[in-house]
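Thanks, everyone. I have one structure to walk through today. Please have a look at it while I talk.

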Amino acid sequence: MSTDLIALKEIEDGEAKRVDGPTGEVVVVRQGDGAVAYINVCPHLGTPLQMDDDEFVTDDGAHLACMTHAATFRISDGFCTSGPCEGDTLESVPVTVVDGMVKLA
Ligand code: FES
């Protein structure tokens with residue numbers, strides 16, 4: 001049985017929200033009718049990515065940012081494209097969307 005994380009409609013398209021997952025906090029990013037998700041831990045120092053509520057996505061809409069030292073991560077695969085952990089990757093959380101609900105895959 002899969003675990004529900006959040007209703008897709010609770011996230012604006014292109015934006016992200018934090019939810020509790022079975023092994024810690026997860027950042028769910030809506031991409032149209034789909035979503036991607038990552039463990040909310042920066043590979044640089046192991047801190048959460050955000051400083052304020054649900055501020056994760058950069059203005060270009062293509063990256064998540066770690067607010068501590070401004071590292072940026074591709075939304076599509078979590079790869080760090082700039083910052084102190086460049087070349088590292090966020091830990092992916094496989095998710096699927098079923099009947100408008102983002103679930104652990
Ligand atoms: S803790 Fe995320 S960039 Fe340093």
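Let me start with a side chain. Is Arg74 buried, partly exposed or exposed? Arg74 is partly exposed, because its relative accessibility is 32%. Keep in mind that this is a predicted model. I will come back to Arg74 and its partner in a moment.

First, the overall picture. The chain has nine strands and zero helices. Read from the N terminus, the elements go β-β-β-β-β-β-β-β-β. The C-alpha atoms fit a box of roughly 40 × 30 × 25 Å along the principal axes. What about the radius of gyration? For 105 residues, a compact globule would come out near 13 Å, and this chain has 13 Å, so the two agree. Buried residues account for 40% of the 105 residues. The accessible surface is about 5,600 Å², and carbon and sulfur atoms hold 47% of that. Now contacts. Take those between residues at least 6 apart in sequence: 37% of them join residues at least 24 apart.

On to the sheets. One is an open sheet of three strands, ordered S2-S3-S4, and the pairing is antiparallel. S2 and S4 are the edge strands, with a single partner each, so each has one side without a neighbour in the sheet. On average, neighbouring strands here are turned by 30° against each other, direction ignored. How many bridges pair S2 with S3? Six bridges, in the antiparallel sense, with S3 covering residues 24-31. One bridge to remember: Asp20 has Glu25 in S3 as its partner. Glu25 will turn up again.

There is another open sheet of three strands, with the order S5-S6-S7 and antiparallel pairing. At its edges stand S5 and S7, the latter being residues 80-82; each has a single partner strand, so one side of each lacks a neighbour in the sheet. Here the average turn between neighbouring strands is 40°, direction ignored. S6, residues 72-74, is joined to S7 by two bridges, and the two run antiparallel. Within that pairing, Phe73 has Cys80 in S7 as its bridge partner. As a general point, strands of a sheet pair through backbone hydrogen bonds, parallel or antiparallel.

Now the charged side chains. In general, side chains of opposite charge can pair when their charged atoms come close. How many salt bridges does the model have? The count is five. I will take three of the pairs.

Pair one is Lys103 with Asp4, where the closest N and O atoms are 2.8 Å apart. This pair links distant parts of the chain: Lys103 sits in strand S9, residues 101-104, and Asp4 in strand S1, residues 4-7, which puts them 99 residues apart. Is Lys103 buried or exposed? Lys103 counts as buried, because its relative accessibility is 17% and the cut-off for buried is under 20%. Asp4 is partly exposed, at 43%.

Pair two brings back Arg74. Its side chain meets that of Asp77 in a salt bridge, at 2.7 Å from N to O. Asp77 is partly exposed as well, with a relative accessible area of 33%.

Pair three is Arg18 with Asp53, the closest N and O atoms being 3.2 Å apart. Arg18 is in strand S2, residues 16-21, while Asp53 is in the loop between S4 (34-39) and S5 (63-65), so this pair ties together parts 35 residues apart in sequence. Arg18 is partly exposed at 27%. Asp53 is exposed, with 60% relative accessibility.

Let me stay with Arg18. Which residues share its salt-bridge network? Glu25, Asp53 and Asp54 are linked with Arg18 in that network. So Glu25, the bridge partner of Asp20, is also part of this network. Beyond neighbours within four places in sequence, Arg18 contacts several residues, including Val26, Asn40, Asp52 and Phe56. Gln50 is on that contact list too. The C-alpha atoms of Arg18 and Gln50 are 9.6 Å apart, with their positions 32 residues apart along the chain.

To close, three things to look at on screen. Find the Lys103 and Asp4 pair, which links S9 and S1. Find the bridge between Phe73 and Cys80. Then find the network around Arg18. That is my tour, and I am happy to take questions.

Conventions:
Residues are numbered from 1 along each chain as its sequence is written. This is a predicted model: local features need pLDDT of at least 70, side-chain atom pairs count only at pLDDT 80 or more; totals for chains, interfaces and linings use all residues. Side-chain values use heavy atoms; hydrogens and water are left out. A salt bridge is a side-chain nitrogen of Lys or Arg within 4 Å of a carboxyl oxygen of Asp or Glu. Helices (H or I, at least four residues) and strands (E, at least two) are DSSP runs, numbered from the N terminus. Buried means under 20% relative accessible area, exposed over 50%, partly exposed in between (1.4 Å probe, protein chains only). Two strands pair if DSSP finds at least two bridges between them. Axes are lines fitted to C-alpha atoms, for helices over the stretch in contact, and angles run from 0 to 180 degrees between N-to-C directions. The radius of gyration is taken over C-alpha atoms; the globule rule is 2.2 Å times the number of residues to the power 0.38. Contact means heavy atoms within 4.5 Å. Accessible areas come from the Shrake-Rupley method with a 1.4 Å probe; for residues, only the protein chains shown count as cover.
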